[in-house]
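Please open the structure in a viewer and keep the selection panel at hand. The tour proceeds by selections, each followed by a description of what is found there.

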Amino acid sequence: MNKRHTQILDLLTKNKKMEVTKLSEILRVSQVTIRKDLDILVNSGIVIREHGYATLNESDDINNRLAYHYDIKQNIVKKVVDDIQNGETIMIESGSCCALLALEIASTKKDITIITNSAFIADYVRREGHARIILLGGEYQRESQVMVGPMVRKCAQSFFVDKLFIGIDGFMKDTGFTGNDYMRSEAVRDMANQASHVIVVSDSVKFNQKGIVNLIDTNQVSCIYTDKNIPDDIEEYLVEQNIKVIKS
């Protein structure tokens, strides 16, 4: 996606539904160009075209989150991929940053094996031929397209990996890393037991926010990839906890 595509996503995130003519006017390009841009976004599954309108695909929770701060998240995952070697086997949990990370890995690395509990991610990267996908079984959550429950734990126990990449719904000094869904948070903890290093991939807006359930203990996290807008006091605190903070 180019800069104009991310601008379209930002506008749709704010306004929910916009006319092609209005997008053309705001972005100062022809309606033909906007329609071509929308075709690309439709093919990605993030946007739906209607008669003269465009709207975000609200059939899936992740599609909405993918659209939010897309360019920032894309810069973050490119930084992560720089530290991933060809031939690695990694685990990736669900979430918008994790989905973009999986796609970037599958697009740019060779002989990679991705173990995930996200059916969305498995489908999202299936057109890329460079990654082998292992989908952990479990109870299927329709909105997030994630596998959860005791079967995830049993499946994950078959694997030992160096890196697990996770997203977060919030972090505060007094709560640590938090999520908004108990079952998904439990799956993160189960997968973390099989990884040498747990790595958080998140845009900075999640820091100084609070989820509703504990996600993972702060001392279990080795590294965080985020953007430059992470609050200074939060970054200092994380470094004091021996967590490496890498900003895009």
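**A sheet, a helix and two cores**

Select F177, which stands opposite I216 in β13. The model is predicted, with local features requiring pLDDT of at least 70, side-chain atom pairs counting only at pLDDT 80 or more, and totals for chains, interfaces and linings using all residues. Residues are numbered from 1 along each chain as its sequence is written, and side-chain values use heavy atoms, without hydrogens and water.

Next, select strand β11 (residues 176–179), joined to β13 by 3 bridges in an antiparallel arrangement. Strands are DSSP runs of E, at least two residues long, and helices are runs of H or I of at least four, numbered from the N terminus; two strands pair if DSSP finds at least two bridges between them.

Extend the selection to the open sheet of 3 strands, ordered β10-β11-β13 with antiparallel pairing. Because β10 (170–172) and β13 (213–216) each have a single partner strand, these edge strands are each left with one side lacking a neighbour in the sheet.

Add helix α9 (residues 182–192), which lies across β11 and β13 and runs at about 20° to β13 (angles run from 0 to 180 degrees between N-to-C directions, with axes fitted to C-alpha atoms, for helices over the stretch in contact).

Now select F165. Setting aside residues up to four places away in sequence, F165 touches V80, I84, I90, M91, I92, E93, C98, L101, I199 and V201 (contact: heavy atoms within 4.5 Å).
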